[in-house]
Amino acid sequence: SLDLFISITMCPPPFFLLLLLSRCQAVQAENVTVMEGGTAEISCRLQNYDGSIVVIQNPRRQTLFFNGTRALKDDRFQMVLFTPRLVRIELTNVSVSDEGGYFCQLYTDSTHHQVATLSVLVPPETPTVEVKQEAVEGGEVELTCMSPRSKPAATLRWVRNGREIPGVVSQQDNGKTFSVSSTIRIPVERKDNGAALSCEAFHVALGGQKRIRHYRLDVYFAPTVRIVPPTGILREGDSLSLTCSVTGNPLPRNIQWSKINDTLPERAEISGPTLQISRLSQSYNGTYLCQAQNNYGRAADHYTLLVYDPGAVVETHSAVPYAVIGGVLALLVFTVICVLIVTIWCSVRQKGSYLTHEASGLDEHGEVQEAFLNGNDASQGKKEYLL
């Protein structure tokens with residue numbers, strides 16, 4: 001509370017002050033600030049009181065007390081103290097209609113008064129959040145935070161992830177109180193579904209505290225569908241279990257299973273999002289479809305079933321080692337052929353070189369024979385030849 005003392009002295013003009021100092025009277029009124037619904041104490045302090053009449057009136061100038069005696073039938077007002085120095089009344093369950101000036105009047109030769117001003121603070125309640133229209137994926141959502149009643153006007157702030165979101169503030173005067181609103185517009189995607197926002201209200205009457213309204217975004221979007229396939233090879237006589245994983249907002253209530261270009265097998269059982277088929281056979285082969293929809297779209301996923309004959313599977317597995325062995329043998333044959341080709345090529349080249357040398361030797365023998373016929377020294381020619 002802010003207490004402001006204002007005094008007035010009911011005394012003669014200053015030039016009589018020394019003569020009448022002992023008879024000087026004064027009254028002081030204290031201003032009061034209180035929370036709505038609280039209790040206010042209105043005090044009138046007296047100086048040099050000589051028994052004169054003291055009257056306390058409300059802002060409408062209705063007399064509440066006359067020399068300590070109740071004058072107005074309002075049980076919320078109580079006289080709690082009446083002494084030559086202090087007159088105090090108490091007002092419980094204060095409302096904004098009680099706000100105003102309360103008169104402390106002292107009747108001497110002339111009437112004098114002072115006013116005690118009662119101020120009432122109205123703290124805001126926890127604000128409310130209104131959504132103008134549905135938040136749909138790819139669009140915008142408009143959110144309005146409202147504080148319908150406060151005095152003085154409350155301050156509103158939008159916060160997301162610890163950061164303030166600037167809003168458009170509107171304020172309306174309702175007489176003694178104010179209504180305040182703050183509006184924001186934000187784009188939304190499906191990842192924003194469930195995102196947390198808060199609207200905070202600050203007010204002097206809260207003493208540094210704040211009133212917070214938490215809000216989670218509800219973003220609507222079309223569904224997505226994914227079939228969770230089984231693992232391993234499915235053989236005749238096995239069982240098949242397919243689960244259709246569906247997301248969406250709102251979550252689709254109905255999930256439809258079907259087989260493309262055919263009807264579901266007689267042994268097929270549907271339990272919620274799960275399709276189960278017992279004792280599989282190759283006649284069940286085909287493409288199975290899961291579909292889901294909501295007000296914002298539809299989605300589907302498919303699974304192709306291929307049931308194997310156990311004998312065929314065994315034969316296929318047994319053929320794998322033979323294929324490996326055949327490949328190794330083919331590589332060996334290829335290697336042998338390459339070696340033979342290289343060997344033949346080298347042999348042919350070596351034979352050509354031998355024939356060339358033989359031809360050179362015959363030429364030398366012819367020269368010796370020619371020398372003998374021409375009468376040259378045969379021994380010399382032979383010697384030279386031998387050398």
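This is a walk through a predicted model, from the whole chain down to single residues and one pocket.

Let us start with the overall picture. The protein chain holds 3 helices and 27 strands. Of its 387 residues, 30% count as buried. The chain exposes about 24300 Å², and 54% of that area is supplied by carbon and sulfur atoms. If you build a contact list and keep pairs at least 6 apart in sequence, 60% of those contacts join residues at least 24 apart.

A good place to begin among the strands is an open sheet of 5 strands with mixed pairing. If you want to trace it on screen, follow the order β13-β21-β22-β25-β24. Strands β13 (135-136) and β24 (268-271) each have a single partner strand and stand at the edges, so one side of each has no neighbour in the sheet. At the β13 edge, the pairing with β21 (residues 219-228) is parallel and runs over 2 bridges. There, A135 stands opposite V219 in β21.

Now move to the other edge. Here β24 and β25 (residues 274-277) run antiparallel and are joined by 4 bridges. To find your place in this pair, look for A268, which stands opposite I277 in β25. The two strands, β24 and β25, form a hairpin with 2 residues between them. In the turn of that hairpin, G272 has a positive phi of about 65 degrees.

Next comes β15 (residues 155-160), a strand with two pairings to look at. With β19 (residues 196-202), β15 pairs in the antiparallel sense over 5 bridges. Within this pairing, R157 has E200 in β19 as its bridge partner. With β16 (residues 163-165), β15 again pairs in the antiparallel sense, over 3 bridges. In that case R160 finds its bridge partner in R163 of β16.

The hairpin made by β15 and β16 has 2 residues between the strands, and N161 takes a positive phi near 55 degrees there. That is a positive value in a residue other than glycine. How exposed or buried is N161? With a relative accessible area of 71%, N161 is exposed.

A second asparagine is worth a look while you have the backbone angles open. N261, in the loop between β23 and β24, has a positive phi near 60 degrees, and this residue too is other than glycine. Its relative accessibility is 82%, so N261 counts as exposed.

The loops also hold cis peptide bonds. Which residues do they join? One runs from K151 to P152, with omega near -10 degrees. P152 lies in the loop that connects β14 (140-150) with β15, so to speak on the way into the strand discussed above. Another cis bond joins N249 and P250, where omega is about 0 degrees. P250 has its place in the loop between β22 (240-249) and β23 (255-259).For a view of the interior, turn to L64 in strand β6 (residues 63-66). L64 has a relative accessible area of 2%, which makes it buried. Which residues does L64 touch, not counting residues up to four places away in sequence? They are I56, Q57, N58, T69, R70, A71, L72, F77, I89 and Y102. Take I89 as an example: L64 and I89 are 25 residues apart in sequence, and their C-alpha atoms are 9.4 Å apart in space.

Finally, there is empty space to consider. Rolling a probe the size of a water molecule over the atoms shows where such space is left. In this model, the second largest pocket contains about 150 Å³ of space. Its lining consists of R253, N254, Q256, Q291, A292, Q293, R298, A299 and A300. Two or more of these lining residues come from each of β26 (286-294) and β27 (297-305). Sorted by class, the lining of the second largest pocket has 3 nonpolar, 4 polar and 2 charged residues.

Technical notes:
Residues numbered from 1 in each chain as written. Predicted model: local features only at pLDDT ≥ 70, side-chain atom pairs only at ≥ 80, totals over all residues. Heavy atoms only, no water. Pairing = 2+ DSSP bridges. 1 Å grid on protein atoms, 1.4 Å probe; cavity = no way out; pocket = protein on both sides within 12 Å on 5 of 7 lines; lining within 4 Å. Points joined across faces, edges and corners; volume = space filled by probe spheres on them. Nonpolar A, V, L, I, M, F, W, Y, C, P; charged D, E, K, R; others polar. Buried < 20%, exposed > 50% of the residue type's maximum accessible area, 1.4 Å probe, protein only. Contact = heavy atoms within 4.5 Å. Areas by Shrake-Rupley, 256 points an atom, 1.4 Å probe, with all protein chains shown as cover.
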